[in-house]
Amino acid sequence: MRTTVQDEPGSLAALCTALAGQRVDILSLQTHPLAEGTVDEFLLRAPGELPASGIATAVRTAGGTDTWIERADAHDLVDAPTRVLGLAARTALDAAELPLALRQLLGRCTIRSQPAPAGGGRAPGGVPVEGALDDTVLRLRAPEGGVITVERPYLPFTPTEFARARALVELDARLGPRVPHGRDVLTLAEGADITVRRADTRDLEPARAMHERCSDRTLRLRYHGPVGDADRYLNHLLSPRFGRTLAVQTASGRVVGLGHLLWDGDETEVALIVEDDWQRRGVGAELLRRLVAMAVDAGCASVYAVTQASNTGMVAAMRGLGLPLDYQVEEGTLVITARLGEPVASRAGELGSASAP
């Protein structure tokens, strides 16, 4: 529960007395000072028969305003310093964790990343270096010059939350580009060995070389547009700011496949490309299983793939997950959504996937 009280002696005591009168136990309390008043954030244990409206009425009677209540979960039982330290450790290990860490830090919210303008210059929207706080919207300068926007329409952000989020982004900037170094060597049914590992923008040139070896049909099925534009998407796709990427490489070190798990606001997209000579050998299915396992670890409820009905390999790989699927045709493209439940059998954990937030 959050509520705003006057910053004066006795206001918090009155609030605690009102909660005690409803047999509500206070498990933890954080205060968020404002210019006028204080936002008090409580973790409460209330009698099962007491509705949220009953708590809100008692708080209002005691002088609380702008009260917000929702049911807690197990993560709320972890005290704030412990939670923040855990998020900092996850962010330090993997740059792709920053959006997920911000979401866990700030609660139910939508996070979007906007890249820096081509050729440098000011950040999009003229966001100052120190960031900006505007009621229910936070804007933070990303380390690479873009902007991370966090929006929570149901609850205004406090200066304390803004400071915590900014500190997490500053940590990310100081540590620079990084991905977990784990990799798996797998043997395909035909006997060839492949290595599956995390990738980032440092793999830009090998990814471009793979594009050059791909047929026009493969590029069109993946990027849904002119094949000449395929390379210009790579820097975005490989950036850990927008998701996670897995690369498949041969024993000689040549990259022959890429799989992307992309943060799309509140949703998560999966996308694959495997060069022609390595298709229909199980590479795409392996990538997809690992991406979905990483999505489960990240707490995603579903993933979707945008493809075409003629892309039988992608359709078959999605079906091979053994998960409930929804199909929707939008402007000539097929959108397949997989609802995630039980974790998908995979060794993605060895590739550095995060624990569930």
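## Sheet and helices in a predicted model

Strands S7 and S8 form a hairpin with five residues between them. In the turn, Gly145 has a positive phi of about 105°. This model is predicted, not solved by experiment.

The two strands of this hairpin pair in the antiparallel sense, over five bridges. Within S7, Val137 stands opposite Glu151 in S8.

S7 has a second partner. Strand S6 pairs with S7 (residues 137-141), again in the antiparallel sense, over three bridges. Here Ala132 stands opposite Arg139 in S7. S6 and S7 also make a hairpin, with two residues between the strands. In that hairpin Asp135 takes a positive phi near 60°.

Now put the strands together. What is the order of the four strands in the open sheet? The order is S5-S8-S7-S6, and the pairing is antiparallel. The edge strands are S5 (110-114) and S6 (132-134), and each pairs on one side only. On average, neighbouring strands of the sheet are turned by 15° against each other, direction ignored.

A helix packs on this sheet. Helix H5 (residues 159-175) touches S6, S7 and strand S8 (147-151). The direction of H5 makes about 25° with that of S7.

### Three helices in contact

H5 also meets two other helices, H4 and H3. H3 spans residues 80-93 and H4 spans residues 98-106. The table lists the axis values for each pair.

| Helix pair | Axis distance | Angle |
|---|---|---|
| H3 and H4 | within 9 Å | roughly 170° |
| H4 and H5 | within 11 Å | roughly 160° |
| H3 and H5 | 9 Å | about 30° |

Take H3 and H4. Their axes cross at roughly 170°. The two helices are therefore roughly antiparallel to each other. From H3, the contact uses Arg83, Val84, Leu87, Arg90 and Thr91. From H4 come Leu98, Leu100, Ala101, Gln104 and Leu105. By class, this contact has six nonpolar, two polar and two charged residues.

Next, H4 and H5. Are they roughly parallel or roughly antiparallel to each other? Their axes cross at roughly 160°, so H4 and H5 are roughly antiparallel. The crossing is right-handed. H4 brings Leu98, Ala101, Leu102, Leu105 and Leu106 to the contact. H5 answers with Glu161, Arg164, Ala165, Leu168, Val169 and Asp172. The contact of H4 with H5 divides into eight nonpolar, no polar and three charged residues.

Last, H3 and H5. They pack at an angle of about 30°. That makes H3 roughly parallel to H5. The crossing of H3 and H5 is right-handed. Which residues of H3 meet H5? They are Leu87, Ala88, Thr91 and Ala92. On the H5 side are Leu168, Leu171, Asp172 and Leu175. This contact has six nonpolar residues, one polar and one charged.

Some residues turn up in two of these contacts. Leu87 and Thr91 of H3 meet H4, and Leu87 and Thr91 also meet H5. Leu168 and Asp172 of H5 meet H4, and Leu168 and Asp172 meet H3 as well.

### The start of the chain

An unreviewed UniProt entry carries the annotation "domain: ACT" for residues 1-74. Over residues 1-74 the chain is 28% helix and 34% strand. The end C-alpha atoms of this stretch are 15 Å apart.

Terms used
Residues are numbered from 1 along each chain as its sequence is written. This is a predicted model: local features need pLDDT of at least 70, side-chain atom pairs count only at pLDDT 80 or more; totals for chains, interfaces and linings use all residues. Side-chain values use heavy atoms; hydrogens and water are left out. Two strands pair if DSSP finds at least two bridges between them. Axes are lines fitted to C-alpha atoms, for helices over the stretch in contact, and angles run from 0 to 180 degrees between N-to-C directions. Contact means heavy atoms within 4.5 Å. Angles under 35 degrees count as roughly parallel, over 145 as roughly antiparallel, 65 to 115 as roughly perpendicular and the rest as oblique. Ala, Val, Leu, Ile, Met, Phe, Trp, Tyr, Cys and Pro count as nonpolar, Asp, Glu, Lys and Arg as charged, and the others, Gly among them, as polar. A crossing is left-handed if the near helix is turned anticlockwise from the far one by less than a right angle, and right-handed if clockwise. UniProt positions are given in the numbering used here, feature names are shortened, and annotations may be inferred rather than shown by experiment.
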